[in-house]
Amino acid sequence: FKFMSDGKTKTEIALEDQVIIRGHGNRIGAGALAAPCDRQIWYKWRWHKKDTITPRVKRLFGRGNQEEQVVYAELEDIGIEILEKQGHATFVHGHCGGMHDGIILGVPDAPKTKHILEIKTSNNKGFARMKKYKLKKASTSYYLQVQIYMHIFKITRALFIMTCKETDERYYERVRPDKEVVKKALERAENIITSELPPPKISEDASQYPCRFCLFQDICHLGKPVEKNCRTCKSLDVHDDGIWKCSKKGKERSKKQQLKGCKKWEHY
């Protein structure tokens, strides 16, 4: 192999030095409602800026998808029935959404009770934290996902399984509904969705957590330009059933149309 001046081969550069731009999501994800800042959630849902990832991070996401297939097979091997895989549902006027990893029956701890199945992977550090603190304290995002899925699919138990990617050790936890957590999350989502302007900042200091690591720090604190599309235009209005309408044109706008925007774009 021919090495470049920084010690990398041309092959490595071609594969690893890419910047992968992630597309905008249509809805607020269940786990996203665990984020500390309302404004951050609002900015993301209103398509102010695209996120980017590296090829390594993309592979990590793929590793999670692969683990789901392994877990499905192992659950079936011990007699657990997988009634549904990756069921999707929307909530809060159709502008929030989530997808569970499965609905299962025959869990040995409660064979006659349906369970939401949630499958995750983690590195050693995250896995150790999960074992030490358990789901509710170890990951507010994962915990909220499980709680919201139980709520919207009307299932009273969940089985959470996490695999450590570095050792293949597993963590298992059965989860019961937490109505107060779900209530607060749905109320928060309602406030974010119905807000025509960005919610208040969580902090005025961009150098402090959580602003320091936020994708939208330059927009929120430095006033950098936002992406031009329908969702950053003040004429786009939120309606029920996940629908968006342009107040100027008086018509519903599809996701494709929202991404394209128009010449009458005007920031709020």
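In helix α4, the residues F127, M130, L135 and A138 are buried, and in this predicted model they offer a convenient point of entry. The buried residues of α4 pack against strands β8, β9 and β10 and against helix α5, which covers residues 140-152. The helix itself comprises residues 124-138, and it lies across β8, β9 and β10, running at about 35° to β10.

The course of α4 deserves a closer look. A straight helix of 15 residues would span 21 Å at 1.5 Å a residue, whereas α4 spans only 13 Å between its end C-alpha atoms. A bend of about 90° is found in α4 at K132. K132 is exposed, because its relative accessible area of 61% exceeds the cut-off of 50%. Between the C-alpha atoms of K132 and K85, which are 47 residues apart along the chain, the separation is 29 Å.

The strands that α4 crosses, β8, β9 and β10, belong to an open sheet of five strands, which has the order β4-β7-β8-β9-β10 and mixed pairing. At its edges stand β4 (81-84) and β10 (170-175), and each has a single partner strand, so one side of each is left without a neighbour in the sheet. From one strand to the next, the twist averages 35°. Within this sheet, β9, formed by residues 158-164, pairs with β10 in the antiparallel sense over six bridges, and in this pairing L159 of β9 stands opposite R174 in β10. Another helix, α3 (residues 55-77), also packs on the sheet, where it touches β4, β8 (115-122), β9 and β10, and its direction makes about 135° with that of β8.

Further along the chain, three strands form another open sheet, in the order β11-β12-β13, and here the pairing is antiparallel. Its edge strands are β11 (236-238) and β13 (251-252), each of which pairs on one side only. Strand β12, made of residues 244-246, is joined to β11 by three bridges, and the two run antiparallel; L236 stands opposite C246 in β12. In general, the strands of a sheet pair through backbone hydrogen bonds, either parallel or antiparallel.

Returning to the starting point, one may ask which elements the buried residues of α4 pack against. They are β8, β9 and β10 together with α5, while K132, where α4 bends by about 90°, is exposed.

Conventions:
Residues numbered from 1 in each chain as written. Predicted model: local features only at pLDDT ≥ 70, side-chain atom pairs only at ≥ 80, totals over all residues. Heavy atoms only, no water. Pairing = 2+ DSSP bridges. Helix = DSSP H or I, 4+ residues; strand = E, 2+ residues; numbered from the N terminus. Buried < 20%, exposed > 50% of the residue type's maximum accessible area, 1.4 Å probe, protein only. Axes fitted to C-alpha atoms, helices over the stretch in contact; angles between N-to-C directions. Contact = heavy atoms within 4.5 Å. Expected span 1.5 Å × (residues − 1). Bend = angle between axes of the 7 residues up to and from the residue.
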